[in-house]
Amino acid sequence: MLQTLASHWPQLILILSGAMATIGIVHAIMTKEDVRAATGWVGVMLLSPFVGAIIYAVAGINRIRRATISAQRPLDGEAASAKHDGDIAVEKLITERYGLRFAGLKTLGDRVARRALTSGNAIAILKTGDEAYAAMRRAIDGAQRSILLETYIFDNDEVGRLFVDSLAGAVRRGVTVRVLIDAVGVRYSVPSILMLLREANITVDLFNGNIVMGLRLPYANLRTHRKILIVDGTVAFTGGINIRKGFSAEFSESASSVDTHFQVTGPVVADLFSVAAEDWRFAGNEALKGDVWQVDKPSPPAGQPMLVRAVASGPDARIETNHKLLMGAFSVARHSIRIMSPYFLPDRELISALTTAARRGVEIDIVVPAVNNLFLVDRAMTAQLDQVLKHYCRVWRHKGAFDHSKLLSVDGVWAYVGSSNLDARSLRLNFEIDMEVLDTGFAAEIEARIGSAIAAATQVTLETLKARPFVIRVFDRLLWLGSPYL
């Protein structure tokens, strides 16, 4: 037997390579919805059957099948009727206040997102890391029943240790605490924060942290980029800020970066909790149930019609949810679209939607950092800016501290904020959490924040892009080819 294998190993490797490539090709053509992606992966596996199939197994399979928590089960008759009546009331309110186009956008959200647009919410904008960390720690220090924290990065530094102290204090008071950190993000600091959390008796788990032969296969490229903190089921914090001193002027001083976070109360807190609870169950197979995890569902107060939807997206059944909502929002814009993103690398569909809106006369401003924390992403982003500049969009390079905020507003009415960047990783690979907000007051605050950045920015033009040395432009375009995985 061994002698036969030794004498025929080239044929056996050829057969194995062919079988692996065949399985990979069949999987790609049966699961990929983008014909370009399917064609690309088929080409890779045809040209290099063995290596191509391995690369596809690691980086090409981008869907996770996940169990859902009981909140996602079908509603009973009475609850379904109440939800239907609520939807009608909200749609009537939107039509009266903002017009049929935003009522249509609400219908789109109902069909592509699992959670409803709820009224009676309140959102406070936390404009710096220090402001956000202080508010989050105050809520943790005042917790009485439960704390659920999900984050991409939780560094073992001065800020991370402050959070460990607050969470440990809550545990000593008898508060039930759960902390979920992404398996990639937890390794941004060495040693990681895990030992400190566990020594403080804080229950912690890793998202997508199962290791097989040293690798997280087949989902090594998929991460939770969500930042959610729920305290006592009554208040939530979400947005773009990770837990690390790089966003604290107190510890990093002039080298600190800027970001935007949000403190949320109202019915949408229950939806944010359900997203984080589902992720926790996926990671550790524990359902967060019982009185300690009871989430308040307050009735909408009079005179507070802020409409908010929690939008969860990721490489599972909700793939491209935020992509579809953004396409819809760009299509209904009449006056303005304001975008602020640290990493602006949208796909062709979003670029087409933006440039089509610009051709209709919609004023479009896109703000990106003058100096980026990710060099390769910045170069790839620069290579793509001409695609929007050629079609009436304005692009601004914001000077000063690196701004990690992800902010978007349409017509001063509709806003979209949270953890998603406008790049392939956020749109297709990461698990993200955003909020769709329909409220003129909130949208005005977002536009003012973007406007302040524009006031301290330099406008990018086609002339300045073309004036760069040819070698640099070629280098940028080569990096742009790899933008889907940067």
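Which helix gives the largest share of the nonpolar patch? Let's work towards that and a few other puzzles. This is a predicted model, where local features need pLDDT of at least 70, side-chain atom pairs count only at pLDDT 80 or more, and totals for chains, interfaces and linings use all residues. Residues are numbered from 1 along each chain as its sequence is written, and side-chain values use heavy atoms, leaving out hydrogens and water.

**Exercise 1.** Find the helix behind the nonpolar patch, and classify isoleucine 55.

*Solution.* Start with the members: Leu16, Phe50, Val51, Ile54 and Ile55, with about 410 Å² of accessible area together. Such areas come from the Shrake-Rupley method with a 1.4 Å probe, and only the protein chains shown count as cover for residues. A patch joins residues with over 30% relative accessible area and no salt bridge (a side-chain nitrogen of Lys or Arg within 4 Å of a carboxyl oxygen of Asp or Glu); nonpolar side chains (Val, Leu, Ile, Met, Phe, Trp, Tyr) are joined within 5 Å, like charges within 9 Å. Next, look for the helix: helix 4 (residues 49–60) supplies four residues, the largest share. Helices (H or I, at least four residues) and strands (E, at least two) are DSSP runs, numbered from the N terminus. Finally, isoleucine 55 lies in helix 4 and counts as partly exposed because its relative accessibility is 41%. The cut-offs are under 20% for buried, over 50% for exposed and in between for partly exposed (1.4 Å probe, protein chains only).

**Exercise 2.** Work out how strand 5 (residues 228–231) sits between its partners.

*Solution.* First, sort the side chains: Ile228 and Ile230 point one way, Leu229 and Val231 the other, and all are buried. Second, find the partners, remembering that strands pair if DSSP finds at least two bridges between them. Strand 2 (residues 146–151) pairs with strand 5 in the antiparallel sense over four bridges, and glutamate 150 stands opposite isoleucine 228. Strand 6 (residues 235–239) also runs antiparallel to strand 5, joined by four bridges, with isoleucine 230 opposite alanine 236. Third, check the hairpin of strands 5 and 6: three residues lie between the strands, and aspartate 232 takes a positive phi near 55 degrees.

**Exercise 3.** Find what leucine 108 touches beyond its neighbours in sequence.

*Solution.* Locate leucine 108 in helix 6 (residues 100–112). Then list its contacts (heavy atoms within 4.5 Å): leaving aside neighbours within four places in sequence, they are Lys324, Leu325 and Gly328. Last, compare positions: leucine 108 and glycine 328 are 220 residues apart along the chain, yet their C-alpha atoms are separated by 7.3 Å.
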